[in-house]
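Hi everyone, thanks for coming. I'll put the structure up on the screen, and then we'll walk through a few spots together.

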Amino acid sequence: MSDCIFCKIIRGEIPSKKIYEDDETLAFYDATPQSPVHFLLIPKRHIRNIMETEAADVSLLGALLYRAQEVAKTLGCEENGARFVVNCKKDGGQTVDHLHIHVLGGRSLDWPPG
Ligand code: 5GP
Ligand code: ZN
């Protein structure tokens, strides 16, 4: 999608610190990290949010989650764990309308969210 920030990152039109990439997914560091480890895992295909996925996207969703935990481990989160978050639309606090999984690690996080 032409005016989507994350699609621009995928195309290299906006610089990012990429961590992992394959044919269908991309991991890169969040520009405003909320913890010592904070990266995003996104599909390369523009999907607005988790609620706009279809049955045909089941394997893509699995790949996103699997890659997220794999990258988290390479960044040192295996021993203490991390938080895997998908914000969706207004009530979920989504600000970028391109599906993404946040992975936050490297410190202990509160629960529940405020
Ligand atoms: P959301 O609030 O939609 O769940 O999360 C969007 C995330 O994207 C935010 O944590 C924000 O810091 C990050 N973000 C927004 N614009 C950019 C950008 O241009 N580059 C990178 N690396 N992260 C971005
Ligand atoms: Zn997009």
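So, let me start with a question: is C4 buried or exposed? Keep in mind that what you see is a predicted model. To decide, we need a cut-off: a residue is called buried if its relative accessible area is under 20%. C4 has a relative accessible area of 7%, so C4 is buried. C7 gets the label too, because its relative accessible area is 4%.

Now, what are those two cysteines doing in the model? Both C4 and C7 are among the protein donors of the zinc ion, ligand 2, each through its SG atom. The other donors are H46 and H98, each using ND1. These donor atoms lie 2.0 to 2.3 Å from the zinc ion. If you follow the chain, the donors have the spacing C-x2-C-x38-H-x51-H.

What about the geometry? Here's some background first: ideal angles for four tetrahedral donors are 109.5 degrees. At our zinc ion, the angles among the four donor atoms run from 105 to 116°, and the site is tetrahedral.

Okay, on to the rings. How many aromatic pairs does the structure hold? Just one. The partners are F6 and F28, with ring centres 5.4 Å apart and planes at 80°, so we call the pair edge-to-face. F6 sits in helix α1, residues 5–11, while F28 sits in strand β2, residues 25–29, so the pair ties together parts that are 22 residues apart in sequence. And both phenylalanines, F6 and F28, are buried.

Last stop: pockets. The largest pocket has a volume of about 650 Å³. Its lining is made of 31 residues, and D30, Q34, H38, H102 and L104 are the ones nearest its centre. Which element gives the largest share of that lining? That's α1, with three residues. In the lining of this pocket we count 15 nonpolar, 11 polar and five charged residues.

The second largest pocket holds about 160 Å³ of space. It has 14 lining residues, with N80, G81, A82, G106 and R107 nearest the centre. Strands β4 and β5 each supply at least two residues of this lining, and they each supply at least two to the lining of the largest pocket as well. By type, the lining of the second largest pocket splits into six nonpolar, six polar and two charged residues.

That's my tour, thanks for listening!

Terms used
Residues numbered from 1 in each chain as written. Chains lettered and ligands numbered in written order. Predicted model: local features only at pLDDT ≥ 70, side-chain atom pairs only at ≥ 80, totals over all residues. Heavy atoms only, no water. Phe/Tyr/Trp six-rings, centres within 6.5 Å; stacked < 30°, edge-to-face > 60°. Helix = DSSP H or I, 4+ residues; strand = E, 2+ residues; numbered from the N terminus. Buried < 20%, exposed > 50% of the residue type's maximum accessible area, 1.4 Å probe, protein only. 1 Å grid on protein atoms, 1.4 Å probe; cavity = no way out; pocket = protein on both sides within 12 Å on 5 of 7 lines; lining within 4 Å. Points joined across faces, edges and corners; volume = space filled by probe spheres on them. Nonpolar A, V, L, I, M, F, W, Y, C, P; charged D, E, K, R; others polar. Donors = N, O, S within 2.8 Å, 3.2 Å for Na, K, Ca; no water. Tetrahedral: all angles 85-135°; square planar, octahedral: opposite > 155°, others 65-115°.
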